[in-house]
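Colleague: I have a chain to go through with you. Shall we take it step by step?

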Amino acid sequence: MTALPRQLLFIAALVATALICLAVAPFMRQVSGALGPTVITSQSPLLAVIVMLIALFLATGIGMLVGRTSNASVGMFVVGFGLAVLSLNLAPLQEIAFHGKLPPVVFSLAVWSGLILLMSILMFRVCGPIPQIRVLPGEPVPDPLRSQSALQSCACGLIVLPIVWIIARTPADGQTLAAVTIGGTLVGLAGRLVAPSVQPVLLFASPCAAGFLGALWGWFEAGTATQLANNYVLRELLPLSYPMPLDYVAGSLMGVSIGIGWSQSFLEDESQQST
């Protein structure tokens, strides 16, 4: 596919995934009437989970279609963009803090980390390996799931936590999503530089998994439900508690994709210098 049709397909895919994911929002209405921020705390959790999985399935299918014309990383970005649009239309931390529902956020992040990993495995299986990632002649191809290189790359996901701590100074939707996306970009860049010959299958889920650890820490620090509300009003919660699950999910998918693309310029510069 030539450049123009590929770009048009990419734009159309972004619009389609955004509309599909936005259709989930009404099913995430809370008892208070606000939308979101988790399916677990919605008025009808089972229905919300089913609708979310259907939307994720459709968005992933669209991402695979785009990924087949470019690469798996672009396909993951398409899915992340749709979820980012949904995230920006949901209630922020306030809805959680005033109802003492921080544990569902932690649980949701654990589940989402597994879903992203499954999505990444399927995306790379359908779209194939990223062609820019090559193994040196004579070297074995590292396993993208179990090799030491893959695990070293995955460990870079922890980079997202200090970035969120620094940038997310308020629980505003745009700020938390931006913080995770910037952190995810640095994760993608660092993960590729640390392990340049491994396909980044694990890397996409690593910022979300790190977000689970950060949210777990924030939950322990927040205390009881009453203390959670008071700490929210006084802005004494850990910044790691500010991003909601979809912030971490969308930011991980988009940020890591951007970081992987960005890393290519660094690796090309290194190869040119070595020659």
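Modeller: Accessible areas here come from the Shrake-Rupley method with a 1.4 Å probe. Keep in mind that this is a predicted model.

Colleague: What share of the accessible surface of the chain belongs to carbon and sulfur atoms?

Modeller: Start with the total. The accessible surface is about 12,300 Å². The part that belongs to carbon and sulfur atoms is 68%.

Colleague: How many helices and how many strands does the chain have?

Modeller: Follow the elements from the N terminus on. They run α-α-α-α-α-α-α-α-α-α-α. The count is 11 helices and 0 strands.

Colleague: What radius of gyration does the chain have, against that of a compact globule?

Modeller: Take the length first: 275 residues. A compact globule of that length would come near 19 Å. The chain agrees with this, at 19 Å.

Colleague: What percentage of contacts between residues at least 6 apart in sequence join residues at least 24 apart?

Modeller: A contact needs heavy atoms within 4.5 Å. Set the bar at 6 apart in sequence, then look for those at least 24 apart. Their share is 80%.

Colleague: How many disulfides are there?

Modeller: A disulfide needs two cysteine sulfur atoms within 2.5 Å. For Cys156, the nearest cysteine sulfur is that of Cys154, 8.7 Å away. For Cys208, the nearest is also that of Cys154, at 12 Å. The count is 0 disulfides.

Colleague: Is Cys208 buried or exposed?

Modeller: Buried means under 20% relative accessible area. Cys208 has 0%. So Cys208 is buried.

Technical notes
Residues numbered from 1 in each chain as written. Predicted model: local features only at pLDDT ≥ 70, side-chain atom pairs only at ≥ 80, totals over all residues. Heavy atoms only, no water. Buried < 20%, exposed > 50% of the residue type's maximum accessible area, 1.4 Å probe, protein only. Helix = DSSP H or I, 4+ residues; strand = E, 2+ residues; numbered from the N terminus. Rg over C-alpha atoms; globule rule 2.2 N^0.38 Å.
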